[in-house]
Amino acid sequence: DRVPHPLRADRSKLYMADLESALHYSLRVEAARASSLSGAQLAAFKCYVATLVKYFPGRPCVQTYLQTLDAWLRNWTEPELPRTVLKEAMKNNRDASHPSVLPTNVTWVGCQGSERHFRGYPCGLWTIFHLLTVQAAQNGPDKELPLEVLSTMRCYVRHFFGCQECAEHFEAMAAKSMDRVASREEAVLWLWSHHNEVNARLAGGDTEDPKFPKLQWPPPDLCPQCHKEERGVHAWEEPAVVTFLKAHFSPANIYMDYAE
Ligand code: FAD
């Protein structure tokens, strides 16, 4: 079941198609699986949308979409939110003077796998959260609410991420060290280093796309200055990694190339 590559994606770029596809899937499919949301699950959903409104650098129609949904959710004060009602609230509105639109199709570009069951959504979700941690670090006071984005991600993954085993692994990592994160910049590094921990664990396994082997990221060809050697052992040059992550996960590095 091979999928032809729609375009030669550049590993040094982010693609808006991946980000919007992951947003569509997470909001309208993954988070809307339960027949209704309530309690901690409803709170996790509201928190995810509020964080996206604050930090997701989307196209104007997508920003409007997220703001409209956030305002609607803030108005929803009943303890239970039925899926049918939520689904209605998540529809696009193209007619308004400020169209509120999040594409309803899924198009993977940078996250396209060599076969259908590889990559795609999980790749898009990681990318969204790296982007959010970096945008929160660039656009907020470093020492205030250092865990704002990471705790949103932790709640999202715990309550909604479809891969149960993944969610348990992530929760174990979070419980071990997330609360030691003391600044927004440390949050960027926490997510980067723990994603690399996941990459190391999954390398060579059967979920690995052979065309996209799991590696310690960013590899030397993407960021030579991120790597160094200490007494013959590989080490990360952390200040260079921070600089790289801030440039990689920036609005200026998001490309509008679409597969269709
Ligand atoms: P991904 O790992 O999805 O990475 C996406 C993109 O992010 C890469 O293409 C690269 O550009 C960039 N990137 C890679 N590493 C880093 C880094 N360290 N920092 C910043 N950017 C980076 N799968 C399992 O089989 N078992 C699990 O336990 C599991 N746990 C997961 C937990 C979470 C929270 C998530 C979101 C996914 C999890 N997955 C798990 C899925 C797995 O991590 C990959 O997302 C999936 O295999 C697709 O891999 P990929 O090659 O597209 O790259």
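**Exercise 1.** Which helix gives the most residues to the shell around the ligand?

*Solution.* This is a predicted model, in which local features need pLDDT of at least 70 and side-chain atom pairs count only at pLDDT 80 or more, while totals for chains, interfaces and linings use all residues. Residues are numbered from 1 along each chain as its sequence is written, and side-chain values use heavy atoms, with hydrogens and water left out.

Begin with the residues around the ligand (a heavy atom within 4 Å of it): there are 20, and Arg119, His169, Trp192, His195 and Lys214 come nearest. Then turn to the helices (DSSP runs of H or I, at least four residues, numbered from the N terminus): H8 gives the most to the shell, with 7 residues.

**Exercise 2.** Describe how helix H8 packs against helix H9.

*Solution.* First, take the axes, which are lines fitted to C-alpha atoms over the stretch in contact, with angles from 0 to 180 degrees between N-to-C directions. H8 (residues 184-202) and H9 (residues 238-248) pack at about 90°, their axes being 11 Å apart. That makes H8 roughly perpendicular to H9, a term for angles of 65 to 115 degrees.

Next, list the residues in contact (heavy atoms within 4.5 Å): H8 supplies Glu185, Val188, Leu189 and Trp192, and H9 supplies Glu238, Val241, Val242, Leu245 and Lys246. Finally, sort these residues by class, with Ala, Val, Leu, Ile, Met, Phe, Trp, Tyr, Cys and Pro as nonpolar, Asp, Glu, Lys and Arg as charged, and the others, Gly among them, as polar: the contact has 6 nonpolar, no polar and 3 charged.

Key. Helices (H or I, at least four residues) and strands (E, at least two) are DSSP runs, numbered from the N terminus. Angles under 35 degrees count as roughly parallel, over 145 as roughly antiparallel, 65 to 115 as roughly perpendicular and the rest as oblique.
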